[in-house]
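Me: I've got a new model open and would like to go through it with you. Can you take my questions as they come?

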Amino acid sequence: MNKIIIIFFVFLSLVSHSQKYVISQNNSKSDEWVIVWGGKPSTNYGAEYMVDRAAPHLNCNNVIYADYQVSRQKCNEIIKKVSPNGVVTEVYGFSRGGYNAFMEIGKVKSVWLIDPLIPQKYDTPFGITNVFMIYNPSVWDGGNSSRLKNFSTKLKPVNSIRVDMSHLKIPNYFFNTYR
């Protein structure tokens, strides 16, 4: 029985997902919120990683920095606890968090994709959304690399920036250059 419990605990530890988030209510007079999703693994590149890169550039916004495992619905619940009339107007996503941000195209004013993972079905109407993407296809496997290149052609050239730098340098470069 003890072996089963230990094995079950190890299994839970391996499959459990980080759901960390950091709330930064920088403008209590505003109901507008920004979500910034981090990458994978969350323990290294999640919410806290994104706070370090983005906070100095988003210091006038209400922001929730979240691990990619924190859903939009969960972010909304968290925001409503501190800002009952809060509404998400912009989202940022780095790496695996870019997938989450991508899924918000057509639902928010702005989507900022930072070397993102792109869904396999990426033909989505932009609607009200302004989309910006900075990416390096050479750091991804063939599937995502092709999707990044193809999706970039759907964006205005000024909103699609291809860079030649390591994956982990792109968030700093993005926030220092474009925000």
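Me: Let's start with N100. Is N100 buried or exposed?
Reply: This is a predicted model, and in it N100 counts as buried because its relative accessibility is 11%, under the 20% cut-off.

Me: Where does N100 lie?
Reply: In helix α5.

Me: And which residues does N100 touch, leaving out those up to four places away in sequence?
Reply: N100 touches W37, Y68 and V70.

Me: OK, aromatics. How many aromatic pairs does the count come to?
Reply: The count comes to 15 aromatic pairs. Take Y45 and Y49: the ring centres are 5.2 Å apart and the planes stand at 90°, so that pair is edge-to-face.

Me: Why edge-to-face rather than stacked or tilted?
Reply: Because the planes of Y45 and Y49 are at 90°, and over 60 degrees counts as edge-to-face.

Me: What about burial for Y45?
Reply: Y45 is partly exposed, with a relative accessibility of 22%. Y49, on the other hand, has a relative accessible area of 8%, so Y49 is buried.

Me: And what angle do the planes of F102 and F151 make?
Reply: 65° between the planes, with 5.0 Å centre to centre, and that pair is edge-to-face. The F102 and F151 pair links distant parts of the chain, 49 residues apart. F102 belongs to helix α5 (residues 96-102), and F151 to helix α6 (residues 142-152).

Me: Are F102 and F151 buried or exposed?
Reply: F102 is buried, at a relative accessible area of 3%. F151 is buried too, with 0% relative accessibility.

Me: Which residues form the aromatic cluster?
Reply: Y92, W112, F132, Y173, F174, F175 and Y178 form one aromatic cluster. One of its members, W112, has the charged end of R179 over its ring, 4.3 Å from the ring centre.

Me: What sits over the ring of Y49?
Reply: The charged end of R53, 3.7 Å from the centre of the Y49 ring.

Me: Switching to backbone. Where's the cis peptide bond?
Reply: Between K40 and P41, with omega about 0°. P41 is in the loop between β2 (32-37) and α2 (42-45).

Me: Why would I care about backbone details like that?
Reply: Most peptide bonds are trans, and most residues other than glycine have a negative phi.

Me: OK, what's the phi of S95?
Reply: Near 55°, so positive, in a residue that isn't glycine. S95 is found in the loop between β4 (87-94) and α5, and S95 is buried because its relative accessible area is 7%.

Me: And the phi of D115?
Reply: Positive as well, about 40°, although D115 is not a glycine. D115 is in the loop between β5 (110-114) and β6 (130-135).

Me: Is D115 buried or exposed?
Reply: Buried: D115 has 0% relative accessibility.

Me: Last topic, the surface. Which residues form a nonpolar patch there?
Reply: Y21, I23 and V82 do, and together they have about 230 Å² of accessible area.

Me: Where's I23 in the fold?
Reply: I23 is in strand β1 (residues 21-25).

Me: How does I23 count for exposure?
Reply: Partly exposed, because I23 has 33% relative accessibility and the exposed class needs over 50%.

Terms used
Residues numbered from 1 in each chain as written. Predicted model: local features only at pLDDT ≥ 70, side-chain atom pairs only at ≥ 80, totals over all residues. Heavy atoms only, no water. Patch = residues over 30% accessible without salt bridge, like charges linked within 9 Å, V, L, I, M, F, W, Y side chains within 5 Å. Areas by Shrake-Rupley, 256 points an atom, 1.4 Å probe, with all protein chains shown as cover. Salt bridge = Lys/Arg side-chain N within 4 Å of Asp/Glu carboxyl O. Helix = DSSP H or I, 4+ residues; strand = E, 2+ residues; numbered from the N terminus. Buried < 20%, exposed > 50% of the residue type's maximum accessible area, 1.4 Å probe, protein only. Phe/Tyr/Trp six-rings, centres within 6.5 Å; stacked < 30°, edge-to-face > 60°. Lys NZ or Arg CZ within 6 Å of the ring centre and 35° of its normal. Contact = heavy atoms within 4.5 Å.
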